[in-house]
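Thanks for coming. I will go through a few charged pairs and one hairpin, and then stop.

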Amino acid sequence: SEPLVYVPAGDEKGEVSLLYEEARVLSRADGAVTLETLESGEVRTLPAEQLLYANELPEEGVEDMTRLNYLHEPALLANLRHRFARDHVYTYTGKICIAVNPFNWQVSKPLYVESLLRTYRRQALGELPPHVYAIAEDAYQRIADDGGSNQSVLVSGESGAGKTESVKIMMQYLAVVSMSGSQNRVASQVMATNPLLEAFGNARTSRNNNSS
């Protein structure tokens, strides 16, 4: 049987939205494919070249989405949703680390304990499960171990997504791994950046009352 496919979901007015729903292939003829959506049972016809095939995901989803057989927007979203339902808040797309609600404390508390933090030291990106620690370690290796080249990490997301908190977590990582005996000048300098980070951005937006 053919794999499931994704089709744009229509809204109440019949207009196509930005959402997708799964559908099964009923038949093919003259370059067109007749589909039936799984949720509503609606029958749709699309050109064959517009089909967006669904991946068959393993139990825990795919940690690096560049390894998906079918790589397109609904496939990425489906994998993120699948992993999030299993409390995997971090997922890679190559060297990009995508975070989905990483600050649900009940889920995330074990993700930021120091014992886990230290397991990422000297591990190449992709050797351990996806984590923002791995991004920080990759940058730190290039600074500390590869001749001291300058590095930057881009943290992107909409208002209230947790950009500042993600940066704090990376700063915490850099502070811990840079410790040397009782002299921890780098750690103190790193943690001193927090007030500066909080000063950027807006105090309030329409999406979030405390958006720094």
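How does E165 count at 36% relative accessibility: buried, partly exposed or exposed? Keep in mind that this is a predicted model. With buried meaning under 20% and exposed meaning over 50%, E165 counts as partly exposed because its 36% falls in between. K168, at 21%, counts as partly exposed too. These two residues form a salt bridge, and their closest N and O atoms are 3.4 Å apart. Both sit in helix α5, residues 163-177, with three residues from one to the other, about one turn of the helix.

In general, side chains of opposite charge can pair when their charged atoms come close. A search of the whole structure gives eight salt bridges. I will show two others.

One joins E2 and R28, with 2.6 Å between the closest N and O atoms. This pair links distant parts of the chain: E2 is in the segment before β1, R28 is in strand β2, and they are 26 residues apart. E2 is partly exposed at 39% relative accessible area, and R28 is partly exposed at 42%.

The other is between R121 and E137, at 2.6 Å from N to O. Here again distant parts of the chain are linked, 16 residues apart: R121 lies in the loop between α3 and α4, and E137 lies in helix α4. Both of these residues are buried.

Now the hairpin. Strands β6, residues 90-93, and β7, residues 96-99, pair in the antiparallel sense over four bridges. T93 has I96 in β7 as its bridge partner. Two residues lie between the strands, and G94 in the turn has a positive phi of about 65°.

That is all I have.

Conventions:
Residues are numbered from 1 along each chain as its sequence is written. This is a predicted model: local features need pLDDT of at least 70, side-chain atom pairs count only at pLDDT 80 or more; totals for chains, interfaces and linings use all residues. Side-chain values use heavy atoms; hydrogens and water are left out. Two strands pair if DSSP finds at least two bridges between them. A salt bridge is a side-chain nitrogen of Lys or Arg within 4 Å of a carboxyl oxygen of Asp or Glu. Buried means under 20% relative accessible area, exposed over 50%, partly exposed in between (1.4 Å probe, protein chains only).
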